[in-house]
Amino acid sequence: QVQLVESGGGLVQAGGSLRLSCAASGRTFSSYLMAWFRQAPGKEREFVAAILWSAGNTYYADSVKGRFTISRDNAENTVYLQMNSLKPEDTSVYYCAAGRPYSDYRGAHEYNYWGQGTQVTVSS
């Protein structure tokens, strides 16, 4: 059983930065992948980034590569998403997820634990 709580969302101008946090509680397995997804109105839930909890390996969607950075603090059981050079198209609800994907880590259905989401709005 894992509980995830996101924070750090808000309103920012294009070109600005935000850092999202995902605090995890409960049992965390060394093999778990921690990920960020986002979902805008009328669109499917989209993979953003992921990190292997134990080793720190990172994976990114092409749309955010070079702008976003995912990291983790093992002592605090927290995953971060540093978002720089934000664009209006980044506007979405961002969700933290955890799981042990069997097939494709980019698929939302592969994760069984989810946070409540935090709103990120980027103005032009």
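These are my notebook entries on aromatic rings and strand pairing in a predicted model.

**Entry 1: aromatic pairs**

I began with the rings. How many aromatic pairs does the structure hold? I found eight. I looked up Phe-37 with Phe-47, which make an edge-to-face pair. Their ring centres lie 5.7 Å apart, and the angle between the planes is 75°. I then checked where the two residues sit in the chain. Phe-37 belongs to strand S4 (residues 33-39), and Phe-47 belongs to strand S5 (residues 46-52). They are 10 residues apart, so I noted this pair as a link between distant parts of the chain. Are Phe-37 and Phe-47 buried or exposed? Both are buried.

I turned to Tyr-111 and Trp-114 next. This pair is edge-to-face too, at 6.3 Å centre to centre. I noted 70° between the planes.

**Entry 2: burial of Tyr-111 and Trp-114**

I wanted to know how each partner is classed. Tyr-111 has a relative accessible area of 5%. Buried means under 20%, so Tyr-111 is buried. Trp-114 comes out at 26% relative accessibility. The exposed class starts over 50%, so Trp-114 counts as partly exposed.

**Entry 3: the cluster and an arginine**

Which residues form the aromatic cluster? I listed Phe-37, Phe-47, Tyr-59, Tyr-95, Tyr-105, Tyr-111 and Trp-114. Both pairs from my first entry appear in this list.

Then I looked at Arg-45. It lies over the face of Tyr-95, 4.0 Å from the ring centre. I also found the charged end of Arg-45 over the ring of Trp-114. There the distance to the ring centre is 4.8 Å. Tyr-95 and Trp-114 are both cluster members.

**Entry 4: strand S9**

I moved on to strand S9, which covers residues 92-99. Why is S9 largely enclosed by the rest of the structure? I noted that seven of its eight residues are buried, so the strand is largely enclosed.

I looked up its pairing with three strands, taking them in turn.

- S4 pairs with S9 in the antiparallel sense, over seven bridges. Here I found Tyr-94 of S9 as the bridge partner of Arg-38.
- Strand S11 (residues 118-123) also runs antiparallel to S9, with three bridges. Gln-119 in S11 is the bridge partner of Val-93.
- Strand S10 (residues 113-114) makes two bridges with S9, again antiparallel. I saw Ala-98 opposite Tyr-113 of S10.

**Entry 5: tying it together**

I went back to S4. It holds Phe-37 of the first ring pair, and it pairs with S9.

Key:
Residues numbered from 1 in each chain as written. Predicted model: local features only at pLDDT ≥ 70, side-chain atom pairs only at ≥ 80, totals over all residues. Heavy atoms only, no water. Phe/Tyr/Trp six-rings, centres within 6.5 Å; stacked < 30°, edge-to-face > 60°. Helix = DSSP H or I, 4+ residues; strand = E, 2+ residues; numbered from the N terminus. Buried < 20%, exposed > 50% of the residue type's maximum accessible area, 1.4 Å probe, protein only. Lys NZ or Arg CZ within 6 Å of the ring centre and 35° of its normal. Pairing = 2+ DSSP bridges.
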